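Student: Could you take me through one helix pairing in this model, along with a residue or two around it? I would like a close look rather than a tour.

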Amino acid sequence: MTSDTVSRTSRISEQDAAVGFTASRQLAESLQAVLVDLVELHLQGKQAHWNLVGHNFRDLHKQLDHIVDYARDAGDTIAERMRSLHAVPDGRSDTVVASTTLPAFPEGELSVAAVVDLVTTRLHAATATLRRVHDGVDAEDPSSADLLHGIIDKLEQYAWMVSSENREV
């Protein structure tokens with residue numbers, strides 16, 4: 001190797017170190033899929049929160065606030081992770097609507113029982129996206145996969161807690 005080649009190789013390595021790890025297109029797309037579902041979960045949870053009526057209104061109303069806050073915070077965590085990997089998150093409403101896996105939320109007032117089922121379905125849909133992208137994310141970036149683990153755990157816990165409202169034994 002010539003000294004010029006060594007010098008160029010050294011500069012490239014220094015540039016890579018200065019930039020840090022950069023997400024592949026697939027990793028960025030996987031994290032984007034998670035982000036849009038979390039943004040949509042946040043919005044739909046708030047819609048449910050505002051239009052909930054019926055028996056046990058207060059408890060579910062408060063629980064929805066916890067879910068909404070968690071979805072918003074988790075979405076922020078994923079978006080900031082994307083930025084740290086030099087990917088560009090897109091949380092614009094038209095992007096979210098076009099790409100979320102969550103079903104559309106009905107308009108108007110809804111009973112507690114209906115909201116329990118609707119929110120549980122959406123929690124499972126968001127979790128399904130997380131699980132679908134998990135292995136690919138983990139193969140490229142275990143640090144991002146660790147974030148997904150925590151979100152999966154919490155959303156599945158919320159799904160269990162919310163769905164228990166309609167269960168009978």
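Tutor: Happy to: we begin with the chain as a whole, then turn to the helix pair and two residues. Please keep in mind that this is a predicted model.

The protein chain has six helices and two strands, and along the sequence these follow the pattern α-α-β-α-α-β-α-α. Of its 169 residues, 40% are buried. If you take the contacts between residues at least 6 apart in sequence, 80% of them join residues at least 24 apart.

Now to the pair itself, helix H3 (residues 57–84) and helix H5 (residues 112–140). Their axes come within 11 Å and cross at roughly 20°. Because angles under 35 degrees count as roughly parallel, H3 is roughly parallel to H5. As for handedness, the crossing of H3 past H5 is left-handed. Which residues make the contact? On the H3 side they are Phe57, Leu60, Leu64 and Ile67, and H5 answers with Val112, Val115, Val116, Val119 and Leu123. By class, the residues of this contact of H3 with H5 are nine nonpolar, no polar and no charged.

Leu64 of H3 leads us on to a neighbour, since histidine 49 touches Leu64 as well as His61 and Asp65, leaving aside residues up to four places away in sequence. Histidine 49 belongs to helix H2 (residues 25–51). Is histidine 49 buried or exposed? Its relative accessible area is 7%, so histidine 49 counts as buried. One of the residues it touches, His61, also offers a polar partner: a polar atom of the histidine 49 side chain lies 2.9 Å from the backbone oxygen of histidine 61.

For a contrasting setting, look at alanine 104, in the loop between helix H4 (93–99) and strand E2 (110–111). With a relative accessible area of 67%, alanine 104 is exposed. Even so, alanine 104 touches Gln44 and Arg122, again not counting residues up to four places away in sequence. Alanine 104 and arginine 122 are 18 residues apart along the chain, and their C-alpha atoms are separated by 9.4 Å.

To put the close look together: H3 meets H5 through nine nonpolar residues, histidine 49 of H2 is buried and touches Leu64, and alanine 104 is exposed while touching Arg122.

Definitions and conventions. Residues are numbered from 1 along each chain as its sequence is written. This is a predicted model: local features need pLDDT of at least 70, side-chain atom pairs count only at pLDDT 80 or more; totals for chains, interfaces and linings use all residues. Side-chain values use heavy atoms; hydrogens and water are left out. Axes are lines fitted to C-alpha atoms, for helices over the stretch in contact, and angles run from 0 to 180 degrees between N-to-C directions. Helices (H or I, at least four residues) and strands (E, at least two) are DSSP runs, numbered from the N terminus. Angles under 35 degrees count as roughly parallel, over 145 as roughly antiparallel, 65 to 115 as roughly perpendicular and the rest as oblique. A crossing is left-handed if the near helix is turned anticlockwise from the far one by less than a right angle, and right-handed if clockwise. Contact means heavy atoms within 4.5 Å. Ala, Val, Leu, Ile, Met, Phe, Trp, Tyr, Cys and Pro count as nonpolar, Asp, Glu, Lys and Arg as charged, and the others, Gly among them, as polar. Buried means under 20% relative accessible area, exposed over 50%, partly exposed in between (1.4 Å probe, protein chains only). A polar contact is a pair of N or O atoms within 3.5 Å; within protein, one must be able to donate a hydrogen and the other to accept it, and residues adjacent in sequence count only if both atoms are side-chain atoms.
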